[in-house]
Amino acid sequence: MDSQRLKGQKALVTGAASGIGRGIARALAQAGAAVVVNYIGDSRPADEVVAEIQSAGGTALAIEADVSREDQVQKMFQKAIQAFGTLDILVNNAGIQRDAPFLQMTLEQWNTVLSVNLTGYFLCAREAAREFVRRGVVPSVSRAAGKIICISSVHEIIPWAGHCDYAASKGGIMMFMKTIAQELAPQRIRVNSIAPGAIKTAINRKAWDTPQAEANLLKLIPCGRVGIPEDIGSVAAWLASDDADYVTGATLIADGGMTLYPSFEHGG
Ligand code: BGC
């Protein structure tokens, strides 16, 4: 397989300073793409990702924006396009959890999660698609005018008690992704999702950072290991490439079998 299959392409990854986003930014850069590392707050982790990519010979740039704010998203895209000339790939990844039992969940928790995880995906996808349509297909770069990848979750399918805001946002991403995939396919824009299972990042540290917690988590993962950001990075690099040119409107589940109802292995 061509290890530089994204050569000459420009990507923007939201929430790329840590976790899955960082893994994806590195994987896209490794495949030859120039990468915008979006972050919010402390710039140091994003600068580190940029430095890592640059020291491996790649091109990267950190841009701060709160993805739930229209003005900030629009400014980020302007800066990215000014710096790189255009964009070919958007990875909607920035996501948060504000967990609470349903009876105690506050409107603030609900709104915060929905505005980052769902409205943020809408705002970034719209800016990216506008640029893809404006520029159109450049055959020497890619067969598509652009690629949008939404990082969803197994919780777009698996209900999750104590996390109704998060699960609702991920279920929403599924229909958002499919609907814009249908709408944008004639313009040669591909839109897909990756649904990770449990990946070792800060968002779910409590679920894997003690042997007891990890053993409990592994009961839900038939393949017998908790995922790492690289597991998602490699899927994203493939999905963004022309190797996946006929794939649109799909959710690619990368979960070590979590969605295979492991509790049904025996019984039922
Ligand atoms: C959540 C994690 C969780 C995983 C599997 C992810 O979407 O962010 O906290 O460990 O799903 O349940």
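These are my notebook entries on the sheet, two helices and the ligand in a predicted model.

**Ground rules.** I number residues from 1 along each chain as its sequence is written, and leave hydrogens and water out of side-chain values, which use heavy atoms. In this predicted model, local features need pLDDT of at least 70 and side-chain atom pairs count only at pLDDT 80 or more, while totals for chains, interfaces and linings use all residues.

**The sheet.** I looked up the strand order (strands are DSSP runs of E, at least two residues, and helices are runs of H or I, at least four, numbered from the N terminus). I found an open sheet of seven strands in the order S3-S2-S1-S4-S5-S6-S7, with parallel pairing; two strands pair if DSSP finds at least two bridges between them. At the edges I noted S3 (60-64) and S7 (251-254), each pairing on one side only.

I then checked one pair: S4 (residues 89-92) and S5 (residues 146-151) are parallel over four bridges. Here Val91 stands opposite Ile149 in S5.

**A helix on the sheet.** I traced H7 (residues 229-240), which packs on the sheet and touches S4, S5, S6 and S7. Contact means heavy atoms within 4.5 Å.

**The ligand.** Which residues are around the ligand? I listed Gln97, Ser153, His155, Trp160, Tyr166, Gly197, Ala198, Ile203, Asn204 and Met258, where near means a heavy atom within 4 Å. Next I looked at polar contacts, which are pairs of N or O atoms within 3.5 Å. A side-chain N or O atom of Ser153 is 2.7 Å from a ligand oxygen. For His155, a polar side-chain atom also lies 2.7 Å from an oxygen of the ligand. Asn204 has a side-chain N or O atom 3.3 Å from a ligand oxygen.

Notes:
A polar contact is a pair of N or O atoms within 3.5 Å; within protein, one must be able to donate a hydrogen and the other to accept it, and residues adjacent in sequence count only if both atoms are side-chain atoms. Axes are lines fitted to C-alpha atoms, for helices over the stretch in contact, and angles run from 0 to 180 degrees between N-to-C directions.
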